[in-house]
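I opened this notebook page to record how the strands of the structure are arranged. The entries follow the order in which I looked things up.

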Amino acid sequence: MSELFGISAPQASSDIALYQEMAPDNLVYDRGQKVYLRLPGFKPAMIDEVVDRFLLQIIAVRRGWLKKTDTWFDELPPLEVVALQTLPTDAAVLQGVLDAIREKAEVEVHYSSMTGSAATRRRIAPHAMASGWDRWYVRAWSAEHNDFRDYALARISSIGDSRPRSVNPVSDLEWHHRIELELVPNPELDPDRRKAQEIEHKMVDGVLKVPCRLSLAFYLMAEHKLDVEAGKLTPFQQPLVLRNLAEVRQRREVAREMAKQALAAAAEA
């Protein structure tokens, strides 16, 4: 232990003794093996009981995002991660985006679009970041479109000059307004499988309500095929359905239209 944490043996003994005072039911010393063993009733005393922290860290180590030496792990279980490889985010790009958000600036970016636009140089005013569908996005005003849009962080290859932003992000109504997505098991599933979905997602009265910004609802809907009309997919392909799909679409359209009107009014002022 002293080698793992970089401390002396006396200091390790002192720390263990202090820990045993805090959590007497967690450890026991095995004289035969000369090691401390975890007791069956072990409960974390120094950190919350959040197993996802461990799972996320071992995934990060496996995918090269985190060095094993940067964790407290002595050994890791055999692990394979099924995921598409993507280009890592450039550190200078991330720093430039964060600087622009903090300094309320517009920046010129070199961007590879998936929308068919031929332009590679864009002037945007970032005001927030978001994560969805295993990707990072920059929420920003686009000078080219005079509209608020999402830009995939990994598709920004460089950031150029900056200047004070000319648009207030308060007009980004899709970002500032929230809605509750109401997810329910696909009614075409048999009762046992519907119950399994309720248990897996900790539904209350058969419904999972997910608070979400209007601008980010798309990613959750796309990830779980919630934007697909009922009957287009098999129940196994679409085990969850969005009960208020029509409401979500309507509110997004209204917020987007109101934002466009606000931007147009600001441009004329």
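The entries below concern strand pairing, first around one strand and then in one sheet. I note at the outset that the model is predicted.

**Entry 1: strand β3**

I began with strand β3, which spans residues 105-111. I asked how many of its 7 residues are buried. I found 5 of the 7 to be buried, so I recorded the strand as mostly covered, taking buried to mean under 20% relative accessible area.

I then looked up the pairing partners of β3. With strand β7, residues 156-164, β3 pairs in the antiparallel sense over 6 bridges. In this pairing I located alanine 105 opposite proline 164 of β7. With strand β4, residues 121-132, β3 also pairs in the antiparallel sense, here over 4 bridges. For valine 107, I identified isoleucine 124 as the bridge partner in β4.

I add a general remark: side chains in a regular strand alternate between the two faces of the sheet.

**Entry 2: the sheet with β8**

I next examined an open sheet of 3 strands, whose order is β9-β8-β10 and whose pairing is antiparallel. Which are its edge strands? They are β9 (208-213) and β10 (240-242), each of which pairs on one side only. Between neighbouring strands I noted an average turn of 35°, direction ignored.

Strand β8, residues 178-185, pairs with β10 in the antiparallel sense over 3 bridges. Within this pairing, I found valine 184 opposite valine 241 of β10.

**Entry 3: helix α8**

Finally, I looked up what packs on this sheet. Helix α8, residues 245-268, does so and touches β8 and β10. I recorded about 160° between the direction of α8 and that of β8.

Terms used:
Residues are numbered from 1 along each chain as its sequence is written. This is a predicted model: local features need pLDDT of at least 70, side-chain atom pairs count only at pLDDT 80 or more; totals for chains, interfaces and linings use all residues. Side-chain values use heavy atoms; hydrogens and water are left out. Buried means under 20% relative accessible area, exposed over 50%, partly exposed in between (1.4 Å probe, protein chains only). Helices (H or I, at least four residues) and strands (E, at least two) are DSSP runs, numbered from the N terminus. Two strands pair if DSSP finds at least two bridges between them. Axes are lines fitted to C-alpha atoms, for helices over the stretch in contact, and angles run from 0 to 180 degrees between N-to-C directions. Contact means heavy atoms within 4.5 Å.
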